[in-house]
Amino acid sequence: MLKIVQVDKEYDYNVKQYTKKDGIFAFILFGIIMVNYSVLALLQTKWEFIKENIVIVGCLFNLLMILITLLFVQINKQSLDTIGISKGKWQKSLNIGVLLVLFLFYNNCLSHLINGSHLIKLPEILVLLIYYLFVAVCEEFVFRGYIGTRICGLIKRRGVAIFIVGSLFIIMHFPYRMIAYGMTLSDLPIKNLNWILDLFITHLILNFIYLKTNSLYGAIIPHWMSDFAYNILSK
């Protein structure tokens, strides 16, 4: 039982090195991604060209956040393994990720196809395959890789830090939905409770994979495939 909850030693070592400065950088990055997605939503509502090409523009905005995260790592003279993309138990991480993908792909797509749902057109599927890869890499870099670790410079109790980062992960989705879909702040928690719970549970699972392996690959892949599988069904 203890082995199941045991944290990867290198991950644990990295986290213990972070200071209040790193924690502040974590919240700055959170602020940037909130602004980033808010601007994307505003552009989508104001410009028809953006709305018609939201997938391409979305890829660019997510790429921007990936580059900003890497810049934060560079500014603080930290290595890439501190956000889980080098070293670590990457093979173990991948194995766990693939097993999770099989379950998620069945739950989010295959089970619906069996019950009579249909896939969208192939060109659209290929576009979404690329788009959700950008989304997954961006959100994993930002939340599990950077904020989820650096926040420990301010919050020393790991359980509390995981809960706060999970809450931030949920809140991050609010501005886009409020602006792009005209939802109110009260609408989101009341009408989307299942979605919020799903986001938080997803955070716990993906964070657990990173904690155990010090590698983000096992978090990126199921995140990617989960979003992709759900969105290739004809609604």
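Here are some notes on the main pocket of this predicted model and on two helix pairs that involve α7.

1. Let's start with the pocket. The largest one in the model has a volume of about 1,500 Å³. Its lining is made up of 41 residues, and those closest to the centre are Tyr132, Arg177, Trp195, Asp227 and Asn231. If you have the structure open, these five residues are a handy place to begin looking.

2. Which elements give two or more residues to that lining? They are α3 (20-46), α5 (54-75), α6 (90-114), α7 (122-150), α8 (158-172), α9 (174-180), α11 (193-213) and α12 (217-231). The largest share belongs to α11, with eight residues.

3. The character of the lining is mixed. By class, 23 of the lining residues are nonpolar, 13 are polar and five are charged.

4. Next, the pairing of α3 with α7. Their axes lie 8 Å apart, and the two helices pack at an angle of about 155°. Angles over 145 degrees count as roughly antiparallel, so that is how α3 and α7 run relative to each other. The crossing of α3 past α7 is left-handed.

5. Which residues make this contact? From α3 come Asp22, Gly23, Phe25, Ala26, Leu29, Phe30, Ile33 and Tyr37, and they meet Cys138, Glu139, Val142, Phe143, Tyr146, Ile147 and Arg150 of α7. Sorted by class, the contact has eleven nonpolar residues, one polar residue and three charged ones.

6. On to α7 with α8. Here the axes are 11 Å apart and the packing angle is about 150°. This pair is therefore roughly antiparallel as well, but the crossing of α7 and α8 is right-handed.

7. On the α7 side, the contact with α8 uses Glu139, Phe143, Arg144, Ile147 and Gly148. Their partners in α8 are Val165, Leu168, Phe169 and Met172. This contact divides into six nonpolar, one polar and two charged residues.

8. One last thing to look at on screen is α7 itself. Glu139, Phe143 and Ile147 are among the α7 residues that meet α3, and Glu139, Phe143 and Ile147 are also among those that meet α8. Both α3 and α8, like α7, give two or more residues to the lining of the largest pocket.

How values were computed. Residues numbered from 1 in each chain as written. Predicted model: local features only at pLDDT ≥ 70, side-chain atom pairs only at ≥ 80, totals over all residues. Heavy atoms only, no water. 1 Å grid on protein atoms, 1.4 Å probe; cavity = no way out; pocket = protein on both sides within 12 Å on 5 of 7 lines; lining within 4 Å. Points joined across faces, edges and corners; volume = space filled by probe spheres on them. Helix = DSSP H or I, 4+ residues; strand = E, 2+ residues; numbered from the N terminus. Nonpolar A, V, L, I, M, F, W, Y, C, P; charged D, E, K, R; others polar. Axes fitted to C-alpha atoms, helices over the stretch in contact; angles between N-to-C directions. Parallel < 35°, antiparallel > 145°, perpendicular 65-115°, else oblique. Left-handed = near helix turned anticlockwise from the far one by under 90°. Contact = heavy atoms within 4.5 Å.
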